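Here's a quick briefing to read with the model open beside you. Start with the overall layout, then zoom in on the sheet, the core and the charged pairs.

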Amino acid sequence: MYSIDDKDYPCSTSVTMRFIGGKWKAAIIKYLAEKKRYSELRKDLVNITERTLSLQLKELEADGIVIRTVYTSKPPLRVEYELSDFGRTLLPLIQTISDFGKEIIKNNDKVHVVSPPPCSLE
């Protein structure tokens, strides 16, 4: 049994999902394979709300997965996000999850493509 912030996790898999679980975190991590500005992330993740993106980035930063850099030397203020070294260790896992999703899309009759995926990383 493991505990993080007074919440118990029964195994290492559940600990991992605490850090990357949810609808958006894996996609954010995948898009941050390269350093990006907030506005670029917003364009990449077309269906995410600003509030959700902001909250997810704060959580990923607090967990040591994402590094946030603010440039204030000249207006306008610029904020960039990139994966930490620890965050980069997740990229092979995220790629495997993506590959699994592609197999589900090809082989599961319940999945219907309603529009071309906006993810340029497909």
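**The big picture**

The protein has six helices and five strands. Keep in mind that this is a predicted model. If you walk along the sequence, the elements come in the pattern β-β-α-α-β-α-α-β-β-α-α.

- The C-alpha atoms fit in a box of roughly 55 × 40 × 25 Å, taken along the principal axes.
- The chain has 122 residues, and 30% of them count as buried.
- UniProt, in an unreviewed entry, puts the feature "domain: HTH hxlR-type" at residues 11-109.
- Over residues 11-109 the chain is 58% helix and 14% strand. The C-alpha atoms at the two ends of that stretch are 32 Å apart.

**The sheet**

- Look for an open sheet of three strands: the order is E3-E5-E4, and the pairing is antiparallel.
- Which strands stand at the edges? They are strand E3 (36-37) and strand E4 (66-71), and each has a single partner strand, so one side of each is left without a neighbour in the sheet.
- E4 and strand E5 (residues 78-83) run antiparallel and are joined by six bridges.
- To find your bearings in this pair, pick out Val-66, which stands opposite Leu-83 in E5.
- E4 and E5 also make a hairpin, with six residues between the two strands.

**The nonpolar core**

- How many residues does the largest nonpolar core have? It has 20, and those with the most contacts inside it are Ile-28, Ile-29, Leu-32, Leu-41 and Leu-45.
- H2, H4 and E5 are the elements that give two or more residues to this core.
- H2 provides the largest share of the core, with four residues.

**Charged pairs**

Side chains of opposite charge can pair when their charged atoms come close. In this model the count comes to eight salt bridges. Here are some to look up.

- Arg-18 and Asp-5 form a salt bridge, with their closest N and O atoms 3.2 Å apart. Arg-18 lies in helix H1 (residues 12-20), while Asp-5 lies in the loop between strand E1 (2-4) and strand E2 (7-9), so this pair ties together parts that are 13 residues apart in sequence.
- Are the two partners buried or exposed? Arg-18 counts as partly exposed, at 22% relative accessibility, and Asp-5 is exposed, with a relative accessible area of 66%.
- Lys-25 and Glu-59 also meet through their side chains in a salt bridge, at 2.7 Å from N to O. Lys-25 lies in helix H2 (residues 25-31) and Glu-59 in helix H4 (residues 50-62), so the pair ties together parts that are 34 residues apart in sequence.
- Lys-25 has a relative accessibility of 4%, so this residue counts as buried. Its partner Glu-59 counts as partly exposed, at 37% relative accessibility.
- Lys-36 pairs with Asp-44 in another salt bridge, where the closest N and O atoms are 2.7 Å apart. Is this pair buried or exposed? Both Lys-36 and Asp-44 are buried.
- Salt bridges can also be followed through a network here: Lys-35, Arg-78, Glu-80 and Glu-82 are linked this way.

**Out on the surface**

- Phe-100, Ile-104, Ile-105, Val-111 and Val-113 make a nonpolar surface patch of about 450 Å².
- Where does Val-113 lie? You'll find Val-113 in the segment after helix H6 (91-107). Val-113 is exposed, with a relative accessible area of 62%.

**One more spot to visit**

- Arg-88 lies in helix H5 (residues 85-88). At 35% relative accessibility, Arg-88 counts as partly exposed.
- Now compare sequence with space: Arg-88 and Ile-65 are 23 residues apart in sequence, and their C-alpha atoms are 7.8 Å apart in space.

Notes:
Residues numbered from 1 in each chain as written. Predicted model: local features only at pLDDT ≥ 70, side-chain atom pairs only at ≥ 80, totals over all residues. Heavy atoms only, no water. Salt bridge = Lys/Arg side-chain N within 4 Å of Asp/Glu carboxyl O. Buried < 20%, exposed > 50% of the residue type's maximum accessible area, 1.4 Å probe, protein only. Patch = residues over 30% accessible without salt bridge, like charges linked within 9 Å, V, L, I, M, F, W, Y side chains within 5 Å. Areas by Shrake-Rupley, 256 points an atom, 1.4 Å probe, with all protein chains shown as cover. UniProt positions renumbered as here; feature names shortened; annotations may be inferred. Pairing = 2+ DSSP bridges. Core = buried A, V, L, I, M, F, W, Y, C linked by side-chain atoms within 4.5 Å.
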